[in-house]
Amino acid sequence: MVESAKYSGLKEKYERDGYVIVPDLIDPADWADLEGACERAVSRTREGAWRYRRTVGRQFPPYGEVDPDSWGVQHIMHPEMGEKAFVRWYTSTRLLEVVKVLLGCEESDLQMELFNVLINPVSHDFALRWHRDDIREDATTEEEQKALDIWHFGVQWNTALYIDSCLYVVPGSHKIPRTDEQRVNSSGQVPENPLDMPGSIRVTLQPGESVFYNQNILHCATYNSKAKRATLHACIGDTKGGTTRARNILQHELDWMKGEEFAKTIPNEVGRGMLKNLIRMYDESKKDGKDEIVYSLKN
Ligand SMILES: O=C(O)CCC(=O)C(=O)O
Ligand SMILES: [Fe+2]
């Protein structure tokens with residue numbers, strides 16, 4: 001493929017380290033629209049007028065309503081948000097080129113998934129414990145290895161609009177179970193100093209940079225209420241995974257993505273195909289009358 005020559009070595013690096021940083025996935029012509037859309041989405045959420053949010057004090061879904069402060073705006077492509085810039089970027093050629101390289105798949109395999117924006121809380125600092133997105137911290141070493149061995153058929157990324165130093169990862173940990181010391185540092189507690197985790201590094205993104213990371217790399221994050229954060233946080237799947245991603249994706253209540261209103265907002269053919277693939281996985285995973293939401297992690 002001609003398009004992948006530009007990104008040669010990227011997939012190898014991503015597979016070896018479990019994460020990779022890529023610059024310039026936002027077309028300069030789209031920057032102002034995206035930034036404006038984020039500003040409005042964030043204000044609306046902080047004013048209490050957007051119910052899909054990540055609530056301070058809650059680490060994982062369901063996020064609940066207990067604290068008025070938020071560390072993320074969920075479902076930013078929702079038609080009620082009314083911000084076309086989000087779906088336009090999520091289905092843009094520049095971004096999907098990298099997604100295809102990292103997934104090693106064709107355009108027709110791309111599956112639409114989640115798109116949120118991660119923001120700084122305003123009332124006080126907050127941190128997310130060390131975790132893997134779809135493996136509980138009390139998993140045994142054998143259970144952990146088994147879960148890590150599954151090919152995940154999806155990529156997740158953070159694209160920063162402002163300098164973002166929130167995320168910490170343990171490079172290479174997406175393939176190997178935690179050592180005893182790493183287990184001690186990831187047994188549910190909020191880290192005092194994330195760098196106490198053996199092998200950890202802090203990821204700093206400059207505006208416009210994206211970090212793609214394996215959802216099961218060992219990672220955590222700290223949120224400084226004084227440092228402005230608006231980081232686009234999204235994932236896309238590969239249909240070859242069948243329903244393996246259903247639990248992790250559908251725990252976020254995506255019923256609205258099946259509606260006509262949302263379908264009408266999709267600006268291109270590739271996006272419409274991606275949505276069709278999501279709906280197929282959704283219907284397939286609910287086929288056996290399994291309608292209840294299963295959460296990947298405990299709060
Ligand atoms: O804030 C971040 O960059 C990481 C968020 C995260 O790890 C999660 O939501 O599971
Ligand atoms: Fe995570």
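A residue counts as buried if 20 or more other C-beta atoms, placed from the backbone, lie within 10 Å of its own, as exposed if 12 or fewer do, and as partly exposed in between. The structure is a predicted model, in which local features need pLDDT of at least 70, side-chain atom pairs count only at pLDDT 80 or more, and totals for chains, interfaces and linings use all residues. Residues are numbered from 1 along each chain as its sequence is written, while chains are lettered from A and ligands numbered from 1 in the order in which they are written.

**Exercise 1.** Describe the protein as a whole, beginning with how much of it is buried.

*Solution.* Of the 299 residues, 40% are buried. The secondary structure comprises 10 helices and 11 strands, where helices (H or I, at least four residues) and strands (E, at least two) are DSSP runs numbered from the N terminus. The radius of gyration, taken over C-alpha atoms, is 18 Å, close to the 19 Å that the globule rule gives for 299 residues, so the protein is as compact as a globular protein of that length; the rule itself is 2.2 Å times the number of residues to the power 0.38.

**Exercise 2.** Work out how strand β6 is placed and which strands pair with it.

*Solution.* Begin with burial: seven of the seven residues of β6 (residues 154-160) are buried, so the strand is largely enclosed by the rest of the structure. Next, consider the two faces, where Gly154, Gln156, Asn158 and Ala160 point one way and Val155, Trp157 and Thr159 the other. Finally, look for partners, given that two strands pair if DSSP finds at least two bridges between them. β6 pairs in the antiparallel sense with β11 (residues 230-238) over seven bridges, and in β11 the bridge partner of Asn158 is His233. With β9 (residues 210-213), β6 pairs in the antiparallel sense over four bridges, and Thr159 stands opposite Ser210 in β9.
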